[in-house]
Amino acid sequence: MAYIERDNLEALLTKLNNTCEENDLVYKFESGRYPVRILIGPDQSMEAQMSMLDQDVGHNGKDATICFVFADGKLTYKISDGFVVNETLFNKLKNLAKKIHAAWLWVYFRESLDHARQEEMAAAGQAADGEGTEADEEALDAEFSEGDEILEDLAELAEAGDAEGSEE
């Protein structure tokens, strides 16, 4: 299912990807186990290695990483093998990691609720895809009688609402 929470998470991951590409880095988002982690390291591609030669500043070794870990609601990070970035980039990566973690929590919560709802519906004998039973359809039909006016267009609905509001 498409949710705004998932779209937000994907947008943040795209932003992290773009930031990493601009700085010859790559990332890996490990959300399938606890604790959730974001690992960032140097890009090992040939193009990234060639662009490293043009830089005046030191470069990161192939095993250098920074790992943002989210455990028990707290962010910790571990720098290994002399990972080097400037303070501005570090703060940008750290803030993106915090936002990604918060967005991932929303997605996880939403998907957990949906999964629980589907299990409840399956246990109750209802179709999990949202289709109701015949009794549900009869109850819905009972709410509307044949004489009820059906508005086909949202504009008609808005006009009908304005007309009702102006009579009062």
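Q: How is the expected span of a helix defined here, and what does α1 reach in this predicted model?
A: Helices are DSSP runs of H or I with at least four residues, numbered from the N terminus, and the expected span is 1.5 Å times one less than the number of residues. Residues are numbered from 1 along each chain as its sequence is written. The model is predicted, and its local features need pLDDT of at least 70. Helix α1 (residues 4–22) has 19 residues, and close to the expected 27 Å, its first and last C-alpha are apart by 27 Å.

Q: Where around the axis of α1 do its buried residues lie?
A: Buried means under 20% relative accessible area with a 1.4 Å probe, protein chains only. In α1 the buried residues include L9, L12, L13 and L16. An α-helix has 3.6 residues a turn, so residues three or four places apart point the same way. The buried residues of α1 cover an arc (from directions between the helix axis and the C-beta atoms) of only 120°, which puts them on the same side of α1.

Q: How do the planes of Y77 and F90 place this pair: stacked, tilted or edge-to-face?
A: Rings of Phe, Tyr and Trp (its six-membered ring) pair if their centres lie within 6.5 Å; planes under 30 degrees apart count as stacked, over 60 as edge-to-face and the rest as tilted. The ring centres of Y77 and F90 are 5.0 Å apart and the planes stand at 65°, so the pair is edge-to-face.

Q: Which residues do ring pairs link into a cluster?
A: F68 and Y77 form a tilted pair, because their planes are at 55° with centres 6.3 Å apart. F68 is buried at 0% relative accessible area, and F90 is buried at 14%. The cluster linked by ring pairs is F68, Y77 and F90.

Conventions:
Predicted model: local features only at pLDDT ≥ 70, side-chain atom pairs only at ≥ 80, totals over all residues. Heavy atoms only, no water. Buried < 20%, exposed > 50% of the residue type's maximum accessible area, 1.4 Å probe, protein only. Helix = DSSP H or I, 4+ residues; strand = E, 2+ residues; numbered from the N terminus.
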